Amino acid sequence: MLMNLKRIISLTATAFMLFTTCGLRAEGAAAKPLVVGFAQTGAESAWRTANTNSMKAEAEKRGIKLKFADGQGKQENQIRALRSFVTQGVDAIVVAPIVETGWDPVLREAKRAGIPVVVMDRNIQTDDKSLFACYIGSDFYKEGSLAAEWLVKNAGARTRIVELQGTPGSAAANVRRKAFADAIAKSPAFKLIDSQSGDFRRSGGKEVMEAFIKKHGKEIEIVYAHNDDMALGAVQAIEEAGLKPGKDIIIVSIDAIKEGVQAVVDGKINVVVECNPLFGPKVYDTIAKLKAGEPVERTSYNVDEVFDSTNAAARIGERQY
Ligand code: GZL
């Protein structure tokens with residue numbers, strides 16, 4: 001008799017456990033986590049790493065399931081990832097497009113699947129604005145202009161510029177180049193003597209600067225780098241050529257990664273224009289609004305500052321990336 005009673009109790013307990021763990025969840029079970037597909041550009045710079053970290057950490061904090069795809073610097077990898085997110089039926093897609101064009105076909109697939117797309121960091125060119133919900137990024141034109149305006153105020157008699165461009169075809173490189181050219185055109189003394197892509201990479205900045213030094217020698221008075229990683233590569237090349245970066249050659253850069261601001265403190269880079277990569281919170285707030293059917297800003301920019309010898313030392317301690 002006692003044996004039977006024990007068996008009945010253990011069978012009942014097992015049945016209860018089965019019910020509560022396979023499908024018939026107890027009251028108040030957590031809602032299904034949001035699933036976001038993120039097609040990242042690659043891992044070309046410290047800025048990109050900070051951007052990736054922001055997106056991953058904020059997703060973790062909010063209990064969002066982030067499907068992360070590293071484009072490894074190739075648009076076809078990003079397009080393949082976007083297609084896969086559509087097939088998987090994610091709730092939303094974020095893309096940091098390596099280049100400006102060639103996105104319409106895959107974005108049409110996401111639109112047909114009813115999956116909202118947030119373009120983050122670099123913008124895209126398309127005639128069909130319905131292909132993505134919004135752009136959350138940086139004002140590259142303002143950044144290039146601020147870099148040139150600093151030169152106009154501080155370059156003194158130095159006028160001969162070499163430019164280290166970012167990734168060919170990327171919105172960041174295209175717009176920073178145009179903005180800088182537009183601004184220095186107003187000061188005819190400045191002359192752009194050479195311009196080449198270092199692909200936003202430190203190694204690229206060093207190699208291109210070595211070639212510039214070989215070709216132009218002491219004619220070079222100013223370096224305009226589209227990002228700090230290339231500027232830091234140029235600093236190495238200038239030092240290896242026996243010159244003093246920041247003194248013999250003025251260096252102007254964009255991003256304001258901690259190492260770049262430190263180089264300003266050390267007098268090796270003269271000015272860095274900030275391009276804040278910490279988009280995580282703003283992107284996920286925007287996705288929450290999109291999923292709730294609320295309106296979102298079509299274009300929103302991060303606020304960026306300028307760091308030179310007048311403020312870098314005071315501000316370096318608070319840098320988050
Ligand atoms: C700018 C971003 C650029 C950074 C580089 O928003 O796309 O790409 O300036 C990064 O450091 O590699």
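On a 1 Å grid over the protein atoms alone, a cavity is a set of points where a 1.4 Å probe fits but cannot get out, and its lining residues have an atom within 4 Å of a point. The structure is a predicted model, in which local features need pLDDT of at least 70 and side-chain atom pairs count only at pLDDT 80 or more, while totals for chains, interfaces and linings use all residues. Residues are numbered from 1 along each chain as its sequence is written, and side-chain values use heavy atoms, with hydrogens and water left out.

**Exercise 1.** Determine how many residues each domain brings to the contact.

*Solution.* Begin with the bounds, which come from an automatic or database domain assignment: domain 1 covers 35-137 + 277-302, and domain 2 covers 140-275. With contact taken as heavy atoms within 4.5 Å, domain 1 supplies 12 residues and domain 2 supplies 16 residues. On the side of domain 1, these divide into 6 nonpolar, 2 polar and 4 charged, where Ala, Val, Leu, Ile, Met, Phe, Trp, Tyr, Cys and Pro count as nonpolar, Asp, Glu, Lys and Arg as charged, and the others, Gly among them, as polar.

**Exercise 2.** Find the cavity of 30 Å³ or more and state which residues line the largest cavity.

*Solution.* Searching the whole structure gives 1 cavity of 30 Å³ or more. The largest cavity has a volume of about 90 Å³, a volume being the space filled by probe spheres set on grid points joined across faces, edges and corners. Its lining includes Glu44, Trp47, Arg122, Arg176 and Asp255.

Note on methods
On a 1 Å grid over the protein atoms alone, a cavity is a set of points where a 1.4 Å probe fits but cannot get out, and a pocket is an open set with protein on both sides within 12 Å along at least five of seven lines; lining residues have an atom within 4 Å of a point.
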